[in-house]
Amino acid sequence: MWIHRHLTGICHLSKEDILFILDRAAYWREFLEHSPKLSNALSGYSMVCLFFEPSTRTRTSFEMAGKLLGMHVINFSLEGSSLEKGESFRDTVRTIARMKADVLVVRHRTSGIPEYLATFLPCHIVNAGDGLREHPTQALLDLLTLRRVFGKIEGLRVAIVGDILHSRVARSLALALRKLGSEVIVSGPPTLVPKDAEALGATRVFPVEKAVQEADVVYLLRIQRERQESGYFPSLREYAKFFGLGEELLEEFQRSVVIMHPGPVNRGVEIAYSLVEHKASLIEEQVTCGVAVRMAVLEILLCEGKVR
Amino acid sequence: MTRRILIQRGTLVLPDRRTFMDGDVLIENGRIARIAKGITDPQACIIDASGLLVGPGFVNLHVHFREPGEERKETLETGARAAARGGFTTVLAMPNTSPPLDNPMIVRALALKARSITFTHILFAGAISRGCQGKEMAEYGLLKEAGVVALSDDGASVESSRLLYLAFQYAQYFDLPFILHEEDQELSRDGHMHEGTVAFLLGHKGIPRVAEDSRMARDILLALNTGARVHFTHLSTEMSVTLLRFFKGKAPLSADVTPHHLLLTVEDVPRLGNSTKVKPPLREKRDVEALKAGVAEGVIDILASDHAPHAPEDKEGSFADAAFGIANLEVTVPLYVKALVEEGVIDWIELWRKLSYNPARFLRLEDRGILAEGKVADITILDPQTEWEVDVAQFESKGKNCPFQGWSLRGWPVYTIVGGQVVMAERRVVDGEFC
């Protein structure tokens, strides 16, 4: 039974909640294989995408998901908004919600914003990434991808490699994987893989080679240039050499390892140029699963949520 | 094919086992083949070591060989010859050269050159920060691949606490230890000597003890918080010893001292002049006493040189114009014998541990610092009795900037063997074949 009004974080979901979403998402994933893709499951409902941070895939994915379900989708653009005229954040979102939007999809650079909005807005809130904290639909789409490849999540060993410290993807994914009974390994530069990350239920393994060797899934995180500027590692070439996934590393430990990445990819940094389109790469499947998962989330929040 | 070497009738020093043993040492193919009493080998080249101490070669964590960039002061070649004469079979060259050793390409080139020099093993410390500027982290992974065995910004202290905090974490991935020069440059700015009455009367700005102490305190705490392996070099103050004593054992901390900080004080500066200008500055009697107590207790577990050679022109002129630094690589060991063994601070075994076994362990040089069969034949033979005078004119080093000129000392290394090759015999560097 679904009891949640919002989707603000994996941390609030039970194993059953996650499986409930994944089952529905699997249905929509099949649906996406067929054209024309017609559904009016949510026709008449409206969704506003409020992205206070740049985004291509997540915003487009939500928009696509909403439209495929027959929703009205509005993209709020920060540029030219009244926020630029000095309106407070609280008033801006209140105004939009007052237009009777049914779902508000929010991305914001401050951790905790979705929960804050949920305290005073009347609509459903979907977190599309808040600060360093959570990105729940990303974790769900990753799980859907894994379930399609491996058949189950339980017992898988997933190595998340890179900037764990600043990654909301790592936080949501590790929490979700642990809830579903898989083993999570984190690795990367020690400056970006703090001991505190063990609070996710993950094990720290150094060096990266060892983490990769032990894993069924290697999940690479995008490394941001500003992390070098803030001194967490010395250079991109050093990062690529010691912490990036290269072809030799993959060949050396070749079993049936698969590669995942939330995108956007820095080819040649966290992942070798050629590995992005390698047969072991699930990166494109992740993108497709993203649409299916978001369709499922919107459908469940709007239909199941009502039952309550 | 080099000949076998047989060292006969010496008193063997076994620092790892903290004991002496009478016996002979046979060297073959660069390694110690046998250690036993009464070895005979008619084909071998014989070194008569009766009355001498024979132990694992000395390892020096702190020398400046000035290459690249300041070859007029020292080169790898002249520095290595000085090391051989000083009894050092391994030295760690500091990275504050010009350009500094912050780039793997430079380290590779230098390491290649060092391998062709047989007088000592020259190892390199890489820079902690780019350009030794204390702002951005250098590429530790790439530097280690190029050959560095430790990290240091020696010559300066790392300004940014954040950089050091992150560097301490990051370097653990590559298992690289740090060697820290502790000096708050804001506090030492414009200073030429120890802050106190002598400086005041001479009209010089002083370098206060707290310039060192405050950085020691900060960096000990950073080490404690990160678990990094941190070594503090050339301690000069009483408080440095107190701080280290308090925290030692709570983190992998170690420290070294120099001979000049044990034998001279600021009171010697007016008399001896520019040759005593050094960083950290020569301090007071109570600091010397504290440093010796630290050595005795093991708080200071390594003895190094901070060999800082300069060309004569760098040390000319007024005290204020002279460069900082003392050239002492060839007299480091007899100076320590005077300051520590003759004063009863530590015994010969402990001296040997601090000059050889302990620094070799710090750098994880598994087959050095131990006199045992199968180990690399890096051996120093020392004469504990005969007195000789310090004569800078005989220095192999280009640096003659040594305040100990004319001192009569005992405990000189008389043979140095590096990788089974005799590179110094009877206090002279061996050019060509020894026998």
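Colleague: Which residues does A:Ala159 touch, not counting residues up to four places away in sequence?

Modeller: A:Ala159 touches A:Ile185, A:Ser187, A:Ala211, A:Val212, A:Glu214, A:Ala215, A:Val217, A:Val218 and A:Tyr219. Each counts as a contact because the two C-beta atoms, placed from the backbone, lie within 7 Å. This is a predicted model, in which local features need pLDDT of at least 70 and side-chain atom pairs count only at pLDDT 80 or more, while totals for chains, interfaces and linings use all residues. Residues are numbered from 1 along each chain as its sequence is written, and chains are lettered from A and ligands numbered from 1 in the order in which they are written.

Colleague: What makes strand E5 of chain A mostly covered?

Modeller: In E5(A), residues 157-161, 4 of the 5 residues are buried. A residue is buried if 20 or more other C-beta atoms lie within 10 Å of its own, exposed if 12 or fewer, and partly exposed in between. Strands (E, at least two residues) and helices (H or I, at least four) are DSSP runs, numbered from the N terminus.

Colleague: How do you know that E5(A) pairs with strand E6 of chain A?

Modeller: Two strands pair if DSSP finds at least two bridges between them. E5(A) and E6(A), residues 183-187, are joined by 5 bridges and run parallel, so the definition is met. A:Ile160 has A:Val186 as its bridge partner in E6(A). Strand E8 of chain A, residues 217-220, also runs parallel to E5(A), with 4 bridges, and A:Ala159 stands opposite A:Val218 there.

Colleague: Why is the unit of E5(A), helix H6 and E6(A) called right-handed?

Modeller: The term applies if, with the strands pointing away from the viewer, the path from the first strand over the helix to the second runs clockwise. E5(A), H6 (residues 168-179) of chain A and E6(A) make such a right-handed β-α-β unit.

Colleague: Which residues touch the most other members of the largest nonpolar core?

Modeller: They are A:Ala159 and A:Ile160, in a core of 229 residues. The largest share, 10 residues, comes from helix H11 (residues 283-307) of chain A. A nonpolar core is a set of buried Ala, Val, Leu, Ile, Met, Phe, Trp, Tyr and Cys residues joined through C-beta atoms within 7 Å.

Colleague: Why is B:Phe246 called exposed?

Modeller: B:Phe246 has 12 other C-beta atoms within 10 Å, so B:Phe246 is exposed. This residue lies in helix H8 (residues 238-247) of chain B.
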